[in-house]
Each structure stands twice: as C-alpha cells, then as structure tokens.
Amino acid sequence: MLNTISSQRIFSGIQPSGKLTIANYLGALKPFVELQQSGAECIYCIVDLHAITVWQDPTELKHSTRLAAACFIASGIDVNKSILFNQSQVSAHAELAWIFNCVSRLGWLGRMTQFKEKAGSNRENSSVGLFVYPALMAADILAYHATHVPVGEDQKQHLELTRDIAIKFNNDFGVDFFPVIEPIIEGVATRIMSLRDGTKKMSKSDPSDLSRINLTDDKDTIVKKIRRAKTDSYPIPSHEAEISNRPEAKNLINLYAALSDTTRDSVMQQFGGKGFSEFKDQLAELAIECVSPVTHEVNRLMDDNTELDRILATGADKAAIIARPIVKKTYEIVGLLSQ
Ligand code: TYM
C-alpha cells in the first residue's frame with residue numbers, strides 16, 4: 001500500500017491530551033514517517049480542538065501541544081517535506097466542522113463507540129464537543145481533500161463516519177466534491193494494549209502510568225514498566241493457536257514484533273516455550289533502542305519554545321493555503337454568501 005500512494009494526499013492527527021506513548025509512535029508516527037519517505041504529500045496535525053472536548057488545564061495544554069510537535073519532529077517528520085501544525089491555528093477546521101455538524105445525523109454520532117466509552121455512565125454531563133468530535137475529524141481530513149488517512153485500529157469507526165459524511169454531503173448537494181477517503185490501518189502495531197490489562201488499549205490518558213511507555217520515559221523507567229507488565233503463568237506461546245485467550249502474552253509479542261520489524265510468528269519461533277523473564281529483558285532493550293533517541297531529541301527541541309512555535313505557525317500558514325479555497329467552495333455549494 002505505502003508504495004502505491006505517492007501521488008495522493010495524506011492527512012492524520014494526534015491529540016495533545018497527555019504525553020505521547022510508544023503505541024502512538026508504532027501505530028501512527030512511524031507510519032507517518034514512512035509515508036513521508038514514500039514521497040506522498042503529507043499533512044500532520046496536532047488536534048488541540050479535539051483535546052478540549054474533555055477538560056484540559058490551559059497551561060498543560062500549551063506544553064502538551066509543543067511536546068507533541070517535538071515528538072513528531074524527533075520521530076522523523078521533516079517540516080520541510082511534510083506540513084506540521086496545530087489545528088486551532090487554521091480556522092478552516094472549525095468552519096467546516098459546523099457544516100458537517102449539520103450534515104451528520106444524531107443517530108450516527110450516538111453509535112460511535114469512542115463517545116460511549118469516553119462519556120461512560122455520565123453521558124448527560126459530557127460536552128457537546130465530545131459528541132460531535134467525529135464531525136470535526138471529518139472536517140480535519142476533508143478540508144484538505146485528503147485521500148488516505150493512516151491511523152491505529154481505534155480510529156476505524158471514525159473514518160467510516162468521515163466517508164459517510166462525504167457521501168451524504170455530495171448527495172445532498174448533487175456534487176462530486178468531497179473525496180471518499182481510504183483508511184490506512186496496517187501491520188502488527190495497529191492496536192497496542194495496556195501493559196497492565198491486555199484487553200484495554202494503551203492510552204496516553206490512562207490514569208496508570210505503568211500501563212504505557214511514554215516517549216519521554218528514561219531507560220530505568222522503561223525497564224521497570226516492562227518487568228512489571230502483566231503476564232500469565234504459562235510459557236510464551238509457540239503458535240498462533242495458543243495465543244487466542246492470552247491477551248497479555250499476545251500484546252507483548254506484538255510489541256516485540258513491531259519494535260523489531262518482524263512478524264508475531266517469528267517472535268514465537270524465537271521465544272516459544274521459554275519463560276517471560278528473558279523475553280522481557282530483550283523487549284525492554286528493544287523499547288529503549290526505539291524510545292531513547294526520540295526522547296533525547298524531544299528534550300533538545302523542548303529547550304526552544306520559540307522555535308517550536310515558529311515551526312507550527314509556518315505549518316499553519318501552509319495548511320491554510322490548501323484549506324481556504326476548499327472551505328470557500330463548500331460555502332458556495334451550501335449557499336452561504338461569502339467573499
Ligand atoms: P489519538 O491522539 O488518540 O492517537 C493518535 C494516533 O495513535 C493511534 N493510537 C494507537 N495505535 C496503536 N495502538 C494504540 N494503543 C494506539 N492508541 C492510539 C491512533 O489510532 C491515532 O492514529 N481522533 C484521533 C485524532 C484525530 C485524527 C483526525 C486522526 C483527529 N482528527 C483526523 C486522523 C485524522 C485521536 O484521538 O488520536
């Protein structure tokens with residue numbers, strides 16, 4: 001897939017709602033860099049407007065936005081090749097989101113599993129922004145007429161909704177204006193699970209820091225977290241058939257496969273039948289090899305806020321040049337009078 005889309009436009013986003021994790025790296029940042037290297041036109045966005053759909057401390061949010069920018073760059077995003085910016089600096093996102101709020105149906109948004117999970121039993125008290133979150137996501141993507149969207153497995157349903165919104169808009173107004181996007185969800189790292197519970201995804205907003213490896217963790221912390229990662233009392237499985245009811249074992253094997261760019265099968269061939277202790281030591285080494293250079297570069301970049309802010313502002317200017325005529329044309333199609 002990656003080799004065949006060099007003429008297409010890629011868009012993806014990451015929320016600055018905490019520290020980025022190794023799951024964000026393997027499931028998103030690493031594929032983002034590969035797409036950039038394939039020669040595709042790439043637009044990457046730090047989605048601060050999405051982050052505020054749940055309460056964020058304002059000072060923390062500014063810090064997390066700069067930290068996310070540093071993580072993109074430290075992971076290999078070259079701001080001279082790809083566009084990198086934060087969402088709130090380009091008004092097209094909020095403008096198009098309003099149009100899509102009017103195209104989306106309540107029923108569609110009510111079926112979104114992420115809304116149900118995040119709102120939990122406190123649905124009445126969750127923000128309206130959280131409910132319409134996927135319409136803003138559709139606006140992010142379609143404001144650029146992006147064609148391909150690399151994400152982890154958890155975003156699949158949101159991208160199906162983006163397709164539905166594009167199709168309904170085109171039908172409602174009798175146009176062929178918005179593209180029907182293709183998700184890119186590939187490889188063994190599309191759903192990395194929590195180190196504390198193999199049935200829950202690894203998340204930057206999980207209350208337990210032991211559940212994840214942050215891109216800012218030092219070596220000792222990584223070793224400690226992997227040694228304490230939950231496992232069962234059986235040896236490492238040797239075949240796919242032995243893995244199905246062992247979510248924690250499966251997760252660590254997936255993580256190993258993703259970090260060493262190999263398959264689950266070959267990891268099981270290497271470690272099947274052994275205990276977890278030696279495996280965990282080698283896994284920790286791989287994780288350190290992956291995270292350490294990123295952490296080092298993130299720390300260097302975070303020393304210069306002015307430079308990070310300049311990079312994001314330049315990215316926002318470039319993004320706005322693409323999005324402005326698309327929003328203008330959308331307004332015209334809808335019948336809004338504008339200059
Ligand atoms: P966010 O910030 O939760 O996650 C950013 C990216 O990381 C992926 N990811 C994972 N991949 C593998 N295993 C995991 N445990 C894991 N956790 C997260 C996510 O799938 C995502 O690709 N709604 C989006 C942000 C967004 C967006 C967009 C994405 C806003 N607008 C437009 C694509 C296009 C989100 O909250 O991602």
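## A buried threonine in helix 12

With a relative accessibility of 10%, T295 counts as buried, because the cut-off for that label is under 20%. This residue belongs to helix 12, which covers residues 276-301. Please keep in mind throughout that this is a predicted model.

Which residues does T295 contact once its neighbours within four places in sequence are left aside? They are L215, T216 and D217.

## Strands 1, 2 and 3

Strand 2 is a good place to go next. It spans residues 41-46, and five of its six residues are buried, so the rest of the structure largely encloses this strand. Strand 1, made of residues 9-14, pairs with strand 2 in the parallel sense, and six bridges link the two. Within this pairing, F11 stands opposite I43 of strand 2. Helix 1 (residues 22-37) joins the picture too: together with strand 1 and strand 2 it forms a β-α-β unit that is right-handed.

Strand 2 also has strand 3 (residues 83-86) as a partner, again in the parallel sense, this time over four bridges. Here I46 faces N86 of strand 3.

## Around the ligand

How many residues surround the ligand, and which are the closest? There are 27 of them, and the closest are Y133, D140, D154, I192 and K204.

Three side chains are worth a look for their distances to ligand atoms. For Y133, an N or O atom of the side chain is 2.6 Å from a nitrogen atom of the ligand. For K204, a side-chain N or O atom is 2.6 Å from an oxygen atom of the ligand. In the case of N24, the distance from a side-chain N or O atom to a ligand oxygen is 3.1 Å. Taken alone, the ligand would expose 710 Å², and the protein buries 97% of that area.

## Q8, just ahead of strand 1

Q8 sits in the segment before strand 1. Is Q8 buried, partly exposed or exposed? Its relative accessibility is 26%, so it counts as partly exposed. Setting aside residues up to four places away in sequence, Q8 touches A40, E41, T147 and H148. With T147 there is also a polar contact between the side chains, at 3.4 Å.

For a sense of scale, Q8 and L161 are 153 residues apart along the chain, and 21 Å separates their C-alpha atoms.

## Three loop residues

D78 is placed in the loop between helix 3 (58-75) and strand 3. Its relative accessibility of 27% makes it partly exposed. The side chain of D78 reaches the backbone nitrogen of N80 at 2.8 Å. Compared along the chain and through space, D78 and T53 are 25 residues apart in sequence, with 29 Å from C-alpha to C-alpha.

Then come two residues whose backbone angles may catch your eye. H145, in the loop between helix 7 (128-142) and strand 4 (148-150), has a positive phi of about 50 degrees although it is not a glycine. At 23% relative accessibility, H145 counts as partly exposed. D261 is found in the loop between helix 10 (247-259) and helix 11 (264-271). Its phi is near 50 degrees, a positive value in a residue other than glycine. With 62% relative accessibility, D261 counts as exposed.

Note on methods. Residues are numbered from 1 along each chain as its sequence is written. This is a predicted model: local features need pLDDT of at least 70, side-chain atom pairs count only at pLDDT 80 or more; totals for chains, interfaces and linings use all residues. Side-chain values use heavy atoms; hydrogens and water are left out. Buried means under 20% relative accessible area, exposed over 50%, partly exposed in between (1.4 Å probe, protein chains only). Contact means heavy atoms within 4.5 Å. Two strands pair if DSSP finds at least two bridges between them. A crossover is right-handed if, with the strands pointing away from the viewer, the path from the first strand over the helix to the second runs clockwise. A residue is near a molecule or strand if one of its heavy atoms lies within 4 Å of it. A polar contact is a pair of N or O atoms within 3.5 Å; within protein, one must be able to donate a hydrogen and the other to accept it, and residues adjacent in sequence count only if both atoms are side-chain atoms. Accessible areas come from the Shrake-Rupley method with a 1.4 Å probe; for residues, only the protein chains shown count as cover.
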